[in-house]
Amino acid sequence: MGKEEGASVAGAFWTLSPVVVIASSMEDKVNAQIAVTAVTSSIVHTIPRLLVGIWKGNYTHEFITYSKAFTIHLLRKDQIGLVKDFGFYTGRERDKFENISYTLGVTGSPVLDDAHSYAECEIINAMDGGDMTAFLVSVVDGGLLSGGAWMTLNDFYSNAPPEWVAEYGEKLSSSVSYSMDIIHNIDYTPWKP
Ligand SMILES: Cc1cc2nc3c(=O)[nH]c(=O)nc-3n(C[C@H](O)[C@H](O)[C@H](O)COP(=O)(O)O)c2cc1C
């Protein structure tokens, strides 16, 4: 028993999570990032909701806060290249959609042409977590694209080239030092729609 073992149990929620692309719009710009922090949060089949954790330092966080919407995509296991393209770099420094085909969905957020599937989401509440924001979202539209088996974080670790895993590890370490400074700095002001 102890905090270490608690951390191992919490790790299960990390490695078995689907790897998703979160795409959002801000005025005439589009951007997307990778996330593994999406979980279901409604028991009512006709009112689907998700809870999604987005780090404040990400450019996508600005897009979501601005538009109050995003599209979440499940990826196929063979789309590991997209994890690097969307998850290793920031849209502040490159146009991540330069070679990506997409349309704008009903929320105005990008919908990738090629993914396992997608759900379009609107923010209905948000909770500050210090270094990240937990967005409660309502799923308003969606579709199955190629289908098949979707990618989990375990799949990424098993199938990505070792140098990619190392690069992700380094990126995580620098993100952790950013988080440590602000993770306990929680703003308890309620979110206003
Ligand atoms: C496998 C993987 C999982 C990730 N999970 C999350 C996550 O759950 N939440 C998050 O905010 N960022 C997550 N990231 C980090 C962002 O995708 C990454 O910082 C991205 O470069 C942000 O891009 P942006 O600045 O254009 O928004 C993950 C990255 C990878 C590669």
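## Close-up views of a predicted model

**View 1. Tyrosine 118 touches Thr71, Ile72, His73, Val111, Gly142, Gly143 and Leu145, its neighbours within four places in sequence left aside.** Contact means heavy atoms within 4.5 Å. This is a predicted model, where local features need pLDDT of at least 70 and side-chain atom pairs count only at pLDDT 80 or more, while totals for chains, interfaces and linings use all residues. Residues are numbered from 1 along each chain as its sequence is written, and side-chain values use heavy atoms, with hydrogens and water left out. Tyrosine 118 belongs to strand E8, residues 117-128. Helices (H or I, at least four residues) and strands (E, at least two) are DSSP runs, numbered from the N terminus. Tyrosine 118 is buried, at 18% relative accessible area. Buried means under 20%, exposed over 50%, and partly exposed in between, for a 1.4 Å probe and protein chains only. Accessible areas come from the Shrake-Rupley method with a 1.4 Å probe; for residues, only the protein chains shown count as cover. Glycine 142 lies 24 residues away along the chain, yet its C-alpha atom is 5.3 Å from that of tyrosine 118.

**View 2. The whole protein has five helices and nine strands.** From the N terminus, the elements run α-β-β-β-β-α-β-α-β-β-β-β-α-α. The radius of gyration is 16 Å, close to the 16 Å that the globule rule gives for 193 residues, so the protein is as compact as a globular protein of that length. That radius is taken over C-alpha atoms, and the globule rule is 2.2 Å times the number of residues to the power 0.38. Along the principal axes, the C-alpha atoms fill a box of roughly 45 × 45 × 35 Å. Of the 193 residues, 40% count as buried. Among contacts with a separation of 6 or more, 69% join residues 24 or more positions apart. The protein exposes about 10800 Å², and carbon and sulfur atoms supply 58% of it.

**View 3. Helix H5 has its buried residues on the same side.** Those buried residues are Trp164, Tyr168 and Ser179. They cover an arc of only 50° around the axis. The arc is that of the directions from the helix axis to the C-beta atoms. An α-helix has 3.6 residues a turn, so residues three or four places apart point the same way. On the other side of H5, Pro162, Glu163, Glu170, Met180 and Asp181 are exposed. The cover over the buried residues includes helix H1 (3-15), strand E4 (49-55), H3 and H4. H5 spans residues 162-182, and its end C-alpha atoms are 31 Å apart. The expected span is 30 Å for its 21 residues, which agrees. That expected span is 1.5 Å times one less than the number of residues.

**View 4. Glutamate 62 and arginine 92 form a salt bridge.** A salt bridge is a side-chain nitrogen of Lys or Arg within 4 Å of a carboxyl oxygen of Asp or Glu. Here the closest N and O atoms are 3.1 Å apart. Glutamate 62 sits in helix H2 (residues 59-67) and arginine 92 in the loop between helix H3 (80-87) and strand E6 (102-104), so the pair ties together parts 30 residues apart in sequence. Glutamate 62 is partly exposed, at 37%. Arginine 92 is partly exposed too, at 44%. By this rule the count comes to five salt bridges.

**View 5. Arg76, Asp78 and Asp114 are linked in a network of salt bridges.** In it, the side chains of aspartate 78 and arginine 76 meet at 3.0 Å, N to O. Aspartate 78 is exposed, with a relative accessible area of 59%, whereas arginine 76 is buried, at 16%.

**View 6. Aspartate 155 and lysine 77 form a salt bridge, with the closest N and O atoms 2.7 Å apart.** The pair links distant parts of the chain, 78 residues apart: aspartate 155 is in helix H4 (residues 153-159), and lysine 77 is in the loop between strand E5 (69-74) and H3. Aspartate 155 is buried, at 14%. Lysine 77 is partly exposed, at 36%.

**View 7. Glutamate 27 has a positive phi, near 50°, in a residue other than glycine.** Glutamate 27 lies in the loop between strand E1 (20-26) and strand E2 (29-35). At 60% relative accessibility, glutamate 27 is exposed.

**View 8. Lysine 68 has a positive phi, near 55°, in a residue other than glycine.** The loop between H2 and E5 holds lysine 68. Its relative accessible area is 35%, partly exposed.
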